[in-house]
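Here is a short briefing to read alongside the model. Please keep the structure open as you go through the points.

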Amino acid sequence: MWKEFKEFAVKGNAVDMAVGVVIGAAFGKIVDSLVADIMMPPLGLLLGKVDFSNLFLVLAEGKTPGPYPSLALAKQAGAVTLNAGSFINILISFFIVAFAVFLLVKSINKLRAQKEKTAEETAEEAAPAATTRDCPYCCSQVSPAATRCPHCTSMLE
C-alpha cells in the first residue's frame, strides 16, 4: 500500500493538482484584499459612504442592547445578525475571481490555438498533397478530383 501511495503522490497529476490548490489559495487572498481594500472603499463612497462590511441587520439583541455601530461590536455583544455586507463582498470577490479565471483560460486557449495552427502548418509543409483518397462506400482508391467512384459508381463529396 505504501508503494502505491508513493506512486500516486509523485504522479504528475497529483503534484499539478497540489500546486494548483496552493496557487489558488494565494490567489484567493489577493482577490480578497483587492475587493476589501481597493474596490469596496471607492464603491462605498459612490453609494453614499456605505461600508459594505458593516452592512448588517440585527435579528436578535445580544447581552448588551443595541444599536450597534459596527458588525464587530454586534458580534462582541452576542447579537444574532444577518450579514448582507459580508455576502456582498464575497459576491463581488467571486465575480472578480470568475472574470480573472475567464481571462486566464481565454489566454491559454488562444496560445493553444496558435500552437496547433503552427503544428498544422508544419504538418502540411512536411506532408505532400494527397494523390488519392478513399471512397467512403467501397474503400477503393480514387482521384481527389473525382465526383463519382469508378469502382462502385457512388457519388463522392
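Strands here are DSSP runs of E with at least two residues, and helices are runs of H or I with at least four, both numbered from the N terminus. With that in hand, L59 can be placed in strand β1. Please bear in mind that this is a predicted model.

**Overall build**
- The protein contains 4 helices and 4 strands, and from the N terminus on they follow the order α-α-β-α-β-α-β-β.
- Its radius of gyration is 31 Å, whereas a compact globule of 157 residues would come in near 15 Å.
- Along the principal axes, the C-alpha atoms fill a box of roughly 95 × 50 × 30 Å.
- Just 15% of the 157 residues count as buried.
- Among contacts with a separation of 6 or more, 29% join residues 24 or more positions apart.
- The accessible surface adds up to about 12400 Å², and carbon and sulfur atoms hold 67% of that.

**Nonpolar cores**
- In soluble globular proteins, nonpolar side chains tend to be buried together.
- The largest nonpolar core in this model has 6 residues: F56, Y68, L71, A74, A77 and A79.
- A second core, separate from that one, has 5 residues, including V31, V35, M40 and I96.
- Leaving out residues up to four places away in sequence, A79 touches V58, A60, E61, G62, Y68 and A74.
- S70 sits in the loop between β1 and α3 (71-76).
- With a relative accessible area of 16%, S70 is buried, because the cut-off for that label is under 20%.
- Beyond its neighbours within four places in sequence, S70 is in contact with N54 and F56.

**A nonpolar patch on the surface**
- L57, L59, V80 and L82 form a nonpolar surface patch, and together they have about 380 Å² of accessible area.
- Strands β1 (57-60) and β2 (80-82) each contribute at least two residues to the patch.
- L59 has a relative accessible area of 54%, so this residue counts as exposed, the cut-off being over 50%.

**Backbone points to check**
- Most residues other than glycine have a negative phi.
- C139 is not a glycine, yet has a positive phi of about 65 degrees.
- C139 lies in the loop between β3 (133-134) and β4 (141-142), and is exposed at a relative accessible area of 59%.
- T153 also has a positive phi, near 65 degrees, without being a glycine; T153 belongs to the segment after β4.

Conventions
Residues are numbered from 1 along each chain as its sequence is written. This is a predicted model: local features need pLDDT of at least 70, side-chain atom pairs count only at pLDDT 80 or more; totals for chains, interfaces and linings use all residues. Side-chain values use heavy atoms; hydrogens and water are left out. A nonpolar core is a set of buried Ala, Val, Leu, Ile, Met, Phe, Trp, Tyr and Cys residues joined through side-chain atoms within 4.5 Å. Buried means under 20% relative accessible area, exposed over 50%, partly exposed in between (1.4 Å probe, protein chains only). Contact means heavy atoms within 4.5 Å. Patches are made of residues with over 30% relative accessible area and no salt bridge: like charges are joined within 9 Å, nonpolar side chains (Val, Leu, Ile, Met, Phe, Trp, Tyr) within 5 Å. Accessible areas come from the Shrake-Rupley method with a 1.4 Å probe; for residues, only the protein chains shown count as cover. A salt bridge is a side-chain nitrogen of Lys or Arg within 4 Å of a carboxyl oxygen of Asp or Glu. The radius of gyration is taken over C-alpha atoms; the globule rule is 2.2 Å times the number of residues to the power 0.38.
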